[in-house]
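Subject: Structure handover

Hello,

Here is the structure I promised to pass on. Please open it alongside this note. My findings follow below.

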Amino acid sequence: FYAPQTTETADGRRMMFGWLGLPDDNELAQPTVKYGWVNSMTCPRELSLRNGILYQQPVKELQQLRQGNGSQWQGTAAEAPAMAAVSAELLIGVNGPFTLSLRDNATLSWDGECLTLTRHNWRTQEAESRYWFGTLQSLQLLLDSSSLELFINDGEACMTARYFPDPAKQNLHWQGHGQLSIHHWLLSSCVIE
């Protein structure tokens, strides 16, 4: 997440866009280089200040990309069905530990104290992890073919990453004994022609 810019909407909301990628030694190792591009923009985020904390949430207009009513599931993480992960949104209520495999290329895990996002470095293939500590109640996850954006507790904290899973691996897989409530939507293309 790099070089964020904000603007005020006509209805007074503060929106932010960030650059999803960093100019580093891994940049030219991205698989998209062969197609003539690297990195991308984040989803548009609405900023708000609550009790001295800056919250970031996907703008409400992105809900227009949701296909239909989506699907809902509730139960123990290990019993959750596989779910499509390319162009998808998930709202997850969390009560206990779980691990979520994101197309076998990244992992999100909660052990009751620490939320860990791990993905493979596209140059070295070594695992890289980022951490968040706190009380986890809910997650909102936006996924597409090469990015994931994670909003923790309605935007109290965020994690954003590029990842490059095998296109043949399209699903999310769950493990753990934590209790989850999941609302899952496939998302329509946001390209305006």
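Which residue in β11 is the bridge partner of Leu108? It is Leu117. Before going further, please keep in mind that this is a predicted model.

**The sheet**

Leu108 and Leu117 belong to a wider arrangement. An open sheet of 6 strands runs in the order β7-β16-β9-β10-β11-β12. The pairing is antiparallel. β7 (83-84) and β12 stand at the edges. Each has a single partner strand, so one side of each is left without a neighbour in the sheet.

Now the pairs, one by one.

- β9 (residues 98-102) and β10 (residues 106-110) pair in the antiparallel sense over 5 bridges. Here Phe98 stands opposite Trp110 in β10.
- β10 and β11 are also antiparallel partners, over 5 bridges. They form a hairpin with 3 residues between them. Gly112 sits in that turn and has a positive phi of about 105°.
- β11 and β12 pair in the antiparallel sense over 7 bridges. Thr118 stands opposite Ser129 in β12. Leu117 stands opposite Arg130 in β12.

Leu117 therefore has a bridge partner in β10, Leu108, and faces Arg130 in β12. In a regular strand the side chains alternate between the two faces of the sheet.

How enclosed is β11? Of its 7 residues, 6 are buried, so β11 is largely enclosed by the rest of the structure.

**Two loops to look at**

β11 and β12 form a hairpin with 6 residues between them. Two residues of that loop deserve a look.

- Gln125 lies in the loop between β11 and β12. Its phi is positive, about 65°, although Gln125 is not a glycine.
- Thr124 is found in the loop between β11 and β12. Thr124 is partly exposed, with a relative accessible area of 33%. Thr124 and Ala29 are 95 residues apart in sequence. In space, their C-alpha atoms are 9.3 Å apart.

The other loop joins β4 (45-50) and β5 (53-58), and Asn51 has its place there. Asn51 has a positive phi of about 50° although it is not a glycine. Is Asn51 buried or exposed? Asn51 is exposed, with a relative accessible area of 81%.

**The nonpolar cores**

The largest nonpolar core has 31 residues. Which of them touch the most other members? They are Phe98, Leu102, Leu139 and Trp174. Apart from this core lies another, of 5 residues. Among them are Cys43, Leu65, Leu142 and Leu187.

Back to Phe98. Leave aside its neighbours within four places in sequence. Phe98 is then in contact with Ala77, Leu108, Ser109, Trp110, Leu136, Leu139, Trp174, Gln175, Gly176 and Leu180. One of these contacts, Trp110, is the residue that stands opposite Phe98 in β10. Another, Leu108, is the bridge partner of Leu117.

**The pockets**

Start with the largest pocket. About 700 Å³ of space lies in it. It is lined by 28 residues. Cys43, Leu62, Leu65, Asp144 and Cys190 lie nearest its centre. Cys43 and Leu65 also belong to the core of 5 residues.

Which strands supply at least two residues each of the lining of the largest pocket? They are β3 (40-41), β13 (138-143) and β14 (147-152). The largest share, 3 residues, comes from β14. By type, the lining of the largest pocket divides into 14 nonpolar, 9 polar and 5 charged residues.

Next, the second largest pocket. About 440 Å³ of space lies in it. How many residues line the second largest pocket? There are 21, of which Leu22, Arg119, Arg130, Thr160 and Ala161 lie nearest its centre. Arg130 came up earlier, as the residue that stands opposite Leu117.

β11 (114-120), β12 (127-133) and β15 (157-162) each supply at least two residues of the lining of the second largest pocket. The largest share, 5 residues, comes from β15. This lining divides into 8 nonpolar, 7 polar and 6 charged residues.

Best wishes

Technical notes:
Residues numbered from 1 in each chain as written. Predicted model: local features only at pLDDT ≥ 70, side-chain atom pairs only at ≥ 80, totals over all residues. Heavy atoms only, no water. 1 Å grid on protein atoms, 1.4 Å probe; cavity = no way out; pocket = protein on both sides within 12 Å on 5 of 7 lines; lining within 4 Å. Points joined across faces, edges and corners; volume = space filled by probe spheres on them. Helix = DSSP H or I, 4+ residues; strand = E, 2+ residues; numbered from the N terminus. Nonpolar A, V, L, I, M, F, W, Y, C, P; charged D, E, K, R; others polar. Core = buried A, V, L, I, M, F, W, Y, C linked by side-chain atoms within 4.5 Å. Buried < 20%, exposed > 50% of the residue type's maximum accessible area, 1.4 Å probe, protein only. Contact = heavy atoms within 4.5 Å. Pairing = 2+ DSSP bridges.
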